Amino acid sequence: MIWAMPTHLMKKNKKELLAWSNFREDEVAIVDGTRKKKDAIIADPNVKVWIVSFPGLVKGAAWKQYQGVKGIIIDEFHKYFSNHESPSTQELYKCVRTMEFFCGMSGTVIKGRLDSAYPMIQIIEPRFYGNVNDFMAQHAIKDFWGKVIGWRNGEKIKQVLNHIGRRTSFESVFGKRDIVYFIQEVDMGAKQKALYDQFKNMGMAELDNLILEGSNEGVNLLRLRQILAHPERISVPIDRDDSGKITEFEVVDASGGHTTERDERIALIMQDHYDNKEPLVVVSTLIPEQERLYELA
């Protein structure tokens, strides 16, 4: 069996496969390293499952190196094979024709366009649509020049996917769980709030010897999030190269040198969980915020 996936999932998926199956450690191998090392792994008679990257499956018809393989599994199928016309998808079609089994896994079979589901459907049951032209005739809405401007008959695709696939949700496995949200509001420090309000109202803010500017709504929103999440570490671009790429930043402190009320509240929550030996997960998206939360913890 060959199991293809994004490279960052390889170690995790190998660990989980060993935990939830009867395979031994020497029967599951990640195909990586030098060309010589890869060849040795592929030729190992003990291996029953080869874990490979997407290019490691289809680039240069790599799948042909494997002997005695009966099935292909693809994790996160939509990330590499959602375009029927791409060379990777075309090579995958050739690969699966030689296999007895195929299993595609994806939480996002339809990736923006309805035709992104076509490769998966075509591999599993080609009789639903004779070819991609038949699929487009049934589902694409085109303008006078043949450009796709919309989609239709989504219900049919839903029925097809329900027929050929199996959907597992969190609720179907663990049951319905009532989630209760407790929202705690905190105040900003005086300097932090002044900066936030100025930037929110004007799209720019004056810092110590610097001007913090925004260029569009997306950048402005990100700046406001930074002021809220890590006010003591706002990176301001001060130099760019000829192409406009930022080459130098200056870090300014908008916290006023004081701990924010938000920090104090998080510290109390952490202390409470520590005292009661209860698990706690703190989630954040901005790296400076993650680092300051780590230091706080």
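1. Let me start in helix H11, where His273 is found. This is a predicted model, so please read the points below in that light. His273 has a relative accessible area of 18% and therefore counts as buried, the cut-off being under 20%. Setting aside residues up to four places away in sequence, His273 touches Glu278, Pro279 and Leu280.

2. A little further along the chain comes Lys277, in the loop between helix H11 (261–275) and helix H12 (287–296). Lys277 has a positive phi near 55°, and this in a residue other than glycine. Is Lys277 buried or exposed? Its relative accessibility is 69%, so Lys277 counts as exposed.

3. Ala61 makes a good companion to that point. Here, too, phi is positive, at about 55°, although Ala61 is not a glycine. Ala61 sits in the loop between helix H3 (54–58) and strand E4 (71–75). With a relative accessible area of 17%, Ala61 is buried, whereas Lys277 is exposed. If you look at backbone torsions, these two loop residues may be worth a visit.

4. On confidence, the chain has a mean pLDDT of 87, and 96% of its residues reach 70 or more. Where is confidence lowest in the chain? The answer is strand E9 (residues 210–213), with a mean of 66. Strand E1 (residues 2–4) is at the other end of the scale, being highest at 97.

5. Now for the nonpolar interior. The largest nonpolar core has 38 residues. Which of them have the most contacts inside it? They are Trp50, Val52, Leu57, Tyr66, Ile74 and Leu92. Taking Tyr66 from that list, and leaving aside neighbours within four places in sequence, its contacts are Ile2, Val31, Ile42, Trp50 and Val52. Trp50 and Val52 thus appear both among the core residues with the most contacts and among the contacts of Tyr66. A separate second core has 10 residues, including Trp3, Leu9, Ile30 and Ile73. As background, nonpolar side chains in soluble globular proteins tend to be buried together.

6. The pockets may interest you most. The largest has a volume of about 890 Å³ and a lining of 20 residues. Ser106, Gly165, Arg166, Arg167 and Thr168 are the lining residues nearest its centre. Strand E5 (101–105), helix H5 (118–124) and helix H7 (154–164) each contribute at least two residues to this lining. Which element gives the largest share? That is E5, with four residues. By class, the lining has 10 nonpolar, eight polar and two charged residues.

7. The second largest pocket holds about 250 Å³ of space. Its lining is made up of Phe182, Ile183, Gln184, Val186, Arg262, Arg265, Ile266 and Ile269. Sorted by class, that gives five nonpolar residues, one polar and two charged.

8. Trp151 belongs to strand E7 (residues 148–151). What is the exposure of Trp151? Its relative accessible area is 26%, so Trp151 is partly exposed. Not counting residues up to four places away in sequence, Trp151 touches Arg113, Leu114, Asp115, Met136, His139, Ala140 and Ile141. For a sense of scale, Trp151 and Gln290 are 139 residues apart in sequence, and their C-alpha atoms are 41 Å apart in space.

9. His230 is another histidine to look at, placed in the loop between helix H10 (217–229) and strand E10 (234–240). Is His230 buried or exposed? At 3% relative accessibility, His230 counts as buried. Beyond residues up to four places away in sequence, His230 touches Leu286, Pro288, Glu289 and Arg292.

10. Lastly, Ile227 lies in helix H10. Its relative accessible area is 1%, so Ile227 is buried. Ile227 and Val31 are 196 residues apart along the chain, with their C-alpha atoms separated by 44 Å. Val31 has come up before, as one of the contacts of Tyr66.

Note on methods: Residues numbered from 1 in each chain as written. Predicted model: local features only at pLDDT ≥ 70, side-chain atom pairs only at ≥ 80, totals over all residues. Heavy atoms only, no water. pLDDT = per-residue confidence, 0-100. Core = buried A, V, L, I, M, F, W, Y, C linked by side-chain atoms within 4.5 Å. Buried < 20%, exposed > 50% of the residue type's maximum accessible area, 1.4 Å probe, protein only. Contact = heavy atoms within 4.5 Å. 1 Å grid on protein atoms, 1.4 Å probe; cavity = no way out; pocket = protein on both sides within 12 Å on 5 of 7 lines; lining within 4 Å. Points joined across faces, edges and corners; volume = space filled by probe spheres on them. Nonpolar A, V, L, I, M, F, W, Y, C, P; charged D, E, K, R; others polar.
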